[in-house]
Amino acid sequence: MTTFEVWAPRPDRVQLEVNGTRHPMVRDTGNWWRAEVDAPADSRYGFVLDDDDTALPDPRSARQPDGVHGPSQLWRPATGPAPWAGRSIEGATIYELHIGTFTPAGTLDAAAEKLDHLVDLGVDFVELMPVNAFSGTHGWGYDGVLWYAVHEPYGGPDALVRFVDACHAHGLGVLIDAVFNHLGPSGNYLPRFGPYLSSGSNPWGESINIADEGADEVRRYIIDCALRWMRDFGADGLRLDAVHALVDTTAIHILEELSAETDDLAAQLGRPLSLIAESDMNDPRTITPRAQGGLGLTAQWDDDIHHAIHTAVSGERQGYYSDFGSMQTLAQTLAHGFYHAGTFSSFRGRRHGRPLDIATIPATRLLAYTLTHDQVGNRAVGDRPSQNLTPGQLAVKAALALGSPYTAMLFMGEEWGSSSPFQFFSSHPEPELARATAEGRKAEFAAHGWDADEIPDPQDPATFERSKLNWGEVDDGVHARLHDTYRGLIALRHNESDFADPWLTHLRIDYDEAARWIIMYRGEFAVVCNLADTAVTVPVTGEVVLAWEQPAPDGDGTRIPGQSFAVLRTLQEP
């Protein structure tokens, strides 16, 4: 016999439909409905609420073989995750990828065939953009509606088990991007069962109920889902999407609760588990240990570092880039983690952030990157830096991020300067929603001065196809050269203890605003970057360990070509 259960405080009657046959369910303690039915292991099932004759999928469905509008299917992994000692993300190099565009086939099994490339590159973790079930065949995954299920076109749950095991066999950890701050617009049946949504809203829709009446079970729904990715599939941690949109007014924040339960699970499994927040609040409490009054998350994305590097190299100043761009801003951000730390943000029109105590919080709790799915995909035409900058400028950006003390992250294809855009794409089957998505995208960017005709239609299959990586570029000309440069920078992080030092108090930075050069001193090493178009002489000498263009001695300094970097072993106190 199989026990079926569902939390459903709203309906007065719930029936279980298994393989076309309906069975009554009994309301139990806490508004849980249960029924025991003799059901084969691959049974299709759903729940019929009150007088509506439609069987709805299980909110905790493990598999949706016919999509988010179809019946759920029973699923249990054939075996548990393969043995794996695990690893911490602090100080690691993470590789973010989107399963649907990482390979031509766009599946988890196809992605597993590219793991040798990632091992050769030297990265330590793969971070998957959301693989939860969402409407349509392809999309970014942030509009998921059945958080426990694995998107079927990617291969479903069995394929995810295989992928995680393959990563571990290659020595790679796996992080999964989890979205708990909103639900997608198509296939969201959860409000029919109970109070999953609050009266508030965020930019992506109605907020999740984590603090109002009925919130205890919704919080449990979130936490159980999070733990399941790590326990049942073997993931080494989660990237938590936009945690600033989780409005929690309770005394124990849901992130603190999740952090504590994740640590308990790690102790049970005997391997490290990590939680990485995406937060735009610049609040050190997110990554401060719970014992010190913080939320206890392992790390968080740091957009200030991205903005500081990108604007200094590219010259862009629009929107949220407006406070960034100078060498002073770049140096300050690299040295202190946050640029906005209780300081005025012109983009927000108010003070923003809080200072990070660099003596107690290591830099490895912040992620440094020059590219993410957001920072390219949310541009009007999804253009990568490689489509606008020179190879030398791309190399300089890589040196600043990978040469820093922070935990580093790359976005797929960045390592060879991929020419493929990463555009916003969707495949909503509902004509009205498809039209609204396309029109909304055009209106959003047209209001900022973009020609509406230039903005790709998210629903056009060509938008999705354009965003797939072209693997034929990897070994071609300047792409291969950039790839080798990334490999060299990542190798320094692995092989030289000075590059593993996590403390910003040990970091010294020198720069020249007018000449546009900057030096990060990492122990006996100097990471020297020339952002100017022409050569400059910097006041440091040493053995060249790695460089984009060959530097040359120049008196008491070193001549660095324009749009280039060099890593020098100084053999002297900086």
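Two strands count as paired if DSSP finds at least two bridges between them. With that in hand, here are some exercises on this predicted model.

**Exercise 1. Trace the barrel and check one of its pairings.**

*Solution.* Start with the strand order: β9-β10-β13-β16-β17-β18-β21-β22 form a closed barrel of 8 strands, with parallel pairing. From one strand to the next, the twist averages 30°. Now take one pair. β9 (residues 93–97) and β10 (residues 125–128) are joined in the parallel sense over 4 bridges, and the cut-off is at least two. For a specific bridge, look at Ile94, whose partner in β10 is Phe125.

**Exercise 2. Find the helices that lie across the barrel strands, and give their angles.**

*Solution.* Begin with α4 (residues 156–169), which lies across β10 and β13 (173–178). The helix α4 runs at about 140° to β13. Next comes α6, lying across β13, β16 (237–240) and β17 (274–277). Here the angle of about 140° is to β16.

**Exercise 3. Describe how α6 packs with α7.**

*Solution.* First the geometry: the axes of α6 and α7 (residues 254–269) are 10 Å apart, at an angle of about 35°, and the crossing is right-handed. Then the residues: on the α6 side the contact includes Ile222, Ile223, Ala226 and Leu227, while α7 brings Leu258, Leu265 and Leu269, among others. Sorted by class, this contact has 9 nonpolar, 1 polar and 5 charged residues.

**Exercise 4. Work out what β1 and α6 give to the second largest pocket and to the second largest cavity.**

*Solution.* Take the pocket first. The second largest pocket has a volume of about 510 Å³ and a lining of 20 residues, with Glu5, Tyr45, Asp58, Arg60 and Arg76 nearest its centre. β1 (2–7), β6 (44–49) and α6 (215–231) each supply at least two lining residues, and β1 has the largest share, with 4. The pocket lining divides into 9 nonpolar, 4 polar and 7 charged residues.

Now the cavity. The second largest cavity, at about 70 Å³, has Glu5, Asp58, Arg60, Glu217 and Tyr221 among its lining residues. The elements giving two or more residues to this lining are β1 and α6, with β1 giving the most, 3 residues. By class, the cavity lining has 6 nonpolar, no polar and 4 charged residues.

**Exercise 5. Place the largest cavity.**

*Solution.* The whole structure holds 4 cavities of 30 Å³ or more, and the largest contains about 90 Å³ of space. Its lining includes Thr370, Arg384, Lys397, Glu414 and Tyr486. The class count for the largest cavity is 4 nonpolar, 3 polar and 3 charged residues.

Notes. Residues are numbered from 1 along each chain as its sequence is written. This is a predicted model: local features need pLDDT of at least 70, side-chain atom pairs count only at pLDDT 80 or more; totals for chains, interfaces and linings use all residues. Side-chain values use heavy atoms; hydrogens and water are left out. On a 1 Å grid over the protein atoms alone, a cavity is a set of points where a 1.4 Å probe fits but cannot get out, and a pocket is an open set with protein on both sides within 12 Å along at least five of seven lines; lining residues have an atom within 4 Å of a point. Grid points are joined across faces, edges and corners, and a volume is the space filled by probe spheres set on the points. Ala, Val, Leu, Ile, Met, Phe, Trp, Tyr, Cys and Pro count as nonpolar, Asp, Glu, Lys and Arg as charged, and the others, Gly among them, as polar. Axes are lines fitted to C-alpha atoms, for helices over the stretch in contact, and angles run from 0 to 180 degrees between N-to-C directions. A crossing is left-handed if the near helix is turned anticlockwise from the far one by less than a right angle, and right-handed if clockwise. Contact means heavy atoms within 4.5 Å.
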